[in-house]
Each structure stands twice: as C-alpha cells, then as structure tokens.
Amino acid sequence: MGSGEGRPTPRLHRCRGVCISSRPPRRRHRALLPRGRSAPRRDGGAARPAVPEDAVRYRLFAAAAAEGARQRALLRRCAETVLVRFAPLLAAYVWQRQPFRLRCVPGETPAHIGGTTLFGDNVEDEWFIVYLVREITREFPGLAAMIDDNDGEFLLIEAADFLPKWLNPENSENRVFFYKGELHIIPLSETPEQDCDLSAPCPTIPQALRLLSARSEEFLAAEPIRAAVYKRIDGYPEKIQASLHRAHCYLPAGIVAVLRQRPSLVAAAVQAFYLRDPADLRPCRRPFRTFPADQRVMALVTFTRCLYAQLVQQKFVPDRRSGYTLPAPSDPQYRAYELGMKLAHGFEILCSKSSEVAPDAKRNVLSGPLWERFLRSLKEKDYFKGELEGSAKYLELLHMAEDHFQQSVAVPENSVEVSPGDEILTLLQTISIDLKEFEKEATCLPPEDDDSWLDITPDALDQMLKETRNESLPLANEEEQNYDLETVAESMKAFVSKVSTHEGAEMPWSSDESHVTFDVDSFTKALDRILGADSEELDSDDLDEEEEFDLSDGDDEDLDAGNQRQDQKVSPNELIGSLKSYMSEMDRELAQTNVGKSFTTQKRGVSILTCDGGPDSEAEDAELAPVDVDMNLVANLLDSYSAQAGLAGPTSNILQSMGVYLPENTDHTGLSSRAAQ
C-alpha cells in the first residue's frame, strides 16, 4: 500500500494566483475592514439565493425597460453574441473548476443573463470574470452588471479603505453595478425620487436600473474606489498567458491524446488527485485499466500556476501494483515522471467514477450558424496567430476553441452537465492514438517553464503585503534614519482617543500615508467643555474613587440626604483640596512599595539636592517624581515587539494598522534602556 493512500495534505489556498499553505486575508473578514466596519452582506434586509462557497455570481440586466418576451429574446441573443465576441480570450483560458457561462434567466424579475462559476482555490478566476463583466458592459452599453460571491459585495470589500461613511452592510444591496465599463454606486438620496422608494433600506433592481439608465453619470464611483477595484484586474488580458505554466510530463499515450482534444480536462484531473480520499485510490491499487503505465511518452502539458502548484507540492508514493515507478530523485527527469504519475492517477480516478454507459459520442454541435459565427470571430481577432490551416499549431488552437464552444457556448440551458470521466471515455472511443508519432514529437519538445516562482522569500512576501495595502517598501537605511519614536506614542494616543462602538474601534490610519497627528491642546479643551472648568484639577479616576468612597456606607435614603448636605455645605474648592490630600496620602503609601520602581519617571530640570528638605526629602521627592507616560509606553511596546521575534503579534498588528512600522531589532537586547536614553 502506497503512502499516498491516506488523506491528502492540507489544501493549498488562493493568493494572487500563487498557491501557498494558508489562505491570506483578502479584506473579507469583518475584523479586517477599516473604521470598525462590517463587511457588506448580501441580504440587505431581503433574502436572496445564497452563492456557494468559492463561487462567483454574475448577472447582466438590460438597463432600458422592454416587453417581457422581447426582452428575453434580446438577452438570449446577447448572451450568444458576448460569448462569440470574447471567444479568443475564453478559448485560451484554463479554468480551475468551472468555465464562464451565460444563460438566460427568465423566471426572475427582471429577466437577465448570467451564471455562477466555481473558482475553487484559484481566486484569479474570480477576478478574470470581473474583468470580463466590465468589458462586456463596455462593449454592450445597454447592459448593467452585478457581481458578488459568498462574501457578498466583494468589490466594496476590496475598496474598503475608501468607502463613504453612509455605505454599510444594511444598505449596500442593489447599489453596485458595472455600467458602460465603469463602476457605479447608487448613493442614498436626500430628496425623495418618484421612482425610488427611499423608505426601504435598499432599492430594488428595477429601481436601480431606472436610475442608472437616467442619470448614470451622477452615480460613478469615486476615483479611489474605482482605482482599488481596477488594480486587481489591471494587466488583463496579458495576465492570462503569465498565469500559465508549461511542464514536461511522462504520461500514458491515451492521456496525451485526450489533452490534445480537451486541454481543459487537466484541471479536472488535478482536482481529482488533489482532493482524493482512500476510496478514490482503490482503482489505483492494481494495474490501471484505462491508462496503463506500459505506454508512456514525454509530453508538454499546460497548467495554470495554481494547478501546477497543487500537483507539485503534494507528496505521494504510488502503489507498486499500479505499475507506475519513479526514477531516483537525482535523475534529471524525476520531476517529469512524478508529475506524469500524479496526473495519471487523477485521470484514472475520474474514469473510475464514470457511468458504464457513455453519453452520445458525437453530439454534432460543431456545425450550424452559431459555430460559423464563433469561428469567424476567432479569425477576425487573429486567434490562430497566422498559422496555416491544417498545421499542428493551428489544430491545437482549433481543439481549444472547440473545447470552449462545446462547454460554454453550445450547451443547452436545461442540459445535464456531463462528468469529466464520461467525456474522457467518450474521447478515447473516438480518437486515434499514434504512439510512434507521440514518441517522435517527444524528441523535440519545447523547453518547460521555470518554476522558481513557487519559492517566495520573506522579503518578497513583505513586498506583496505592502503592495496590497498600497504602500511602498522603504529602504532599510532610510527607515532607520527617519524613524521617530514619538510617532509610536502619538499613534497610540490617537488610537485611545478614538470612540469605539459595538462594531469595533476606528484605527487612526490614513491611506494617503500621512503622519498621525494628535493635538493635545484641542483634546484638553474638549475635555474642559465636557467636564467643566475644573477638569484639569479633577480627572475621571478621581471622580470614580470619590464616588465609590461616598457610596460605601448607608442605604439609598441616607446617601441622598448626605449628598444634599454635602452640596449645601462643601464648596468645590474644598472638595478638590480634600481629594488632593487624599491622593497625596495614597501616593506616599504607594511610595513605600515597589510599584513605582517598575515605571520610568520624568527627569527634573533642577537638581533635587538643592531642596531644603535634606536627604529624606530628596528620596521622597525622587519616589514621587511624575511618571513619564510616553517613555513607559514606548519602552513597553518595544519590549513586546522584541518578544515577538519577528513574528506577528499584538504590537506589530496594532501599529501597522495605524501605518506605523517598527524597524528590525538589530541588537535584540536593551531596547527599553536605549529608548530611555
């Protein structure tokens, strides 16, 4: 029994098209949103169908109203036109789980075209769909598009740092649209509109569409919001080729033939191997029935970077009875043998789950006016790149186009999706396998791509995280020279002065990288207005202590009577003087303990040796010297940061959320003493 029969290693997760071992934050969790906000939800006070996890839903509506039957026919023709127009992009794309599909949805009000695509671990599929939806509304100005996923309005989450104050989870539904190639947000209106019920928390879709078609220029999202969203889709369609990875694989000839006809099946095979369980591996504990190991050839296989990383990073040892053996790890072709073995296991698992009766082998969809329009669009957009008709490269591109057409364009709306295993068995019955031709081609394969992108250094990861927050990485020397410890203290003061609510505390961090400012005089004046003229003489802690002292004796009636007599007989000055003497006595008692020794005190301008009190008075004054609050704050923060040993912790998390980055601890000792000096 091979060691690979157990549960597979933890799933790789999505991150900017590169798979790593843990899912990075995408500003989706409510705690990650700035200003104490909750993530915009889907419900908005009204229930609607939930989107599956790791899936994206897209809906395109006709902005102008039309009759029901006429509108549905128009939308159906529009869906076909869209898929044909964008065929060159879609035909070359390898999807992680499901392709982009548009279907007419007449049952809902209003009618629309749309679909739901599972993108699995590759979040770039989701953002590629965002790019497609934006371009569709640019090419077809009469369409307005909505897009969301199981996290809700993820476009708003991506631009969370720049959202207006009024936009919250309760009123965000049916407000975010792509229209004419731009992002629009329908705001709250101060004056009632005849066509919008402002008493409801969110507009209905028909109301929102009427507003967009009438006054779309008024609802264009702010520039920072659009820039944050467009940054994620910047670089398409060129990024499609950059996201692919080509590698040599030692595969059974049958798999090579299948991938020639259906290149997208590589994703299903990788997922079958990647998400396998012991039951899936049962057909792999004997010689393979569909893809035996005795007819293998070297071939060049195209993966996405996510699929390649999933296949490479799992450790797996095949069962000896399967017939798949590997050379020594030092062999130059070890990686090709290993990749081919894993991919063959995935294909065998898919075929083992297939039904005994294969579907109709040749459902003739590659004919008719729709296919002709589709093929003509490909030629007009130079999809075949000047290749001669009938050449090997031309046929490869043609098979990719046929694959996309059958999967996304020509599938009937009510058809049942065919399993990948059924498709593989059907293809094996209809294609010819020329082993000698494959062996001849293996002698002149193009070089495979470099996979050094799999290794991310700590510095590169820090740079990626800073780019995510729209920040530049400062040079080490500049960071050390320009670093000011007063910024740390001021930032913490500003943070503490913020008012928190049940939604969380607001971080005093600005996306424009401006320094955190704290006006002590303004803060003191504000306290004076709240607490009265004597607020400097009497702080809240003193009031709490006095209140607890007064409430410690007697019942409620005695307290009321005592308070009335005190208000009549005791002046405010006398009360303050009494509290001062009370606090002074407490300070003298605490001075006899070790509590004060744990704090750094302020340095006095005049030497205490010149005082008249003698040595005893000198020691007493030294013990009663005011505590340097800023110095203690900075020293404790530096000690806590040093204890993190370069890992994430409370100090770095709080300070970085406010735009303050501490330098690395180069000496590892004496941080507190160095700060005190």
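Here are some numbered notes to help you find your way around this structure.

1. Before you start, please keep in mind that this is a predicted model, in which local features need pLDDT of at least 70 and side-chain atom pairs count only at pLDDT 80 or more, while totals for chains, interfaces and linings use all residues. Residues are numbered from 1 along each chain as its sequence is written, and side-chain values use heavy atoms, with hydrogens and water left out.

2. A good place to begin is the open sheet, which has six strands in the order β2-β3-β1-β4-β5-β6 with antiparallel pairing. Its edge strands, each pairing on one side only, are β2 (103–105) and β6 (182–185). From one strand to the next, the twist averages 35°. Strands (E, at least two residues) and helices (H or I, at least four) are DSSP runs numbered from the N terminus, and two strands pair if DSSP finds at least two bridges between them.

3. Now look at β1. Eight of its eight residues are buried, where buried means under 20% relative accessible area, exposed over 50% and partly exposed in between, with a 1.4 Å probe and protein chains only. A55, R57, R59 and F61 point one way from β1, whereas V56, Y58, L60 and A62 point the other way. In a regular strand, side chains alternate between the two faces of the sheet.

4. The partners of β1 are worth tracing too. Seven bridges link β1 with β3 in the antiparallel sense, and A55 stands opposite L118 in β3. β1 is also joined to β4 by seven bridges, again antiparallel, with V56 opposite D149 in β4. Further along, β5 (residues 176–179) and β6 run antiparallel and share four bridges; here V176 faces I185.

5. Which helices lie across these strands? Helix α3 (residues 123–139) lies across β1, β3, β4, β5 and β6, running at about 165° to β4. Helix α6 (residues 223–233) lies across β5 and β6, at about 130° to β6. Axes are lines fitted to C-alpha atoms, for helices over the stretch in contact, and angles run from 0 to 180 degrees between N-to-C directions; contact means heavy atoms within 4.5 Å.

6. In the loop between α6 and α7 (238–242) you will find G235, which counts as partly exposed because its relative accessibility is 26%. G235 and Y131 are 104 residues apart in sequence and 9.8 Å apart in space, C-alpha to C-alpha.

7. Finally, the cysteines: C104 counts as buried because its relative accessibility is 7%, and C306 counts as buried at 2%. The model has zero disulfides, a disulfide being a pair of cysteine sulfur atoms within 2.5 Å.
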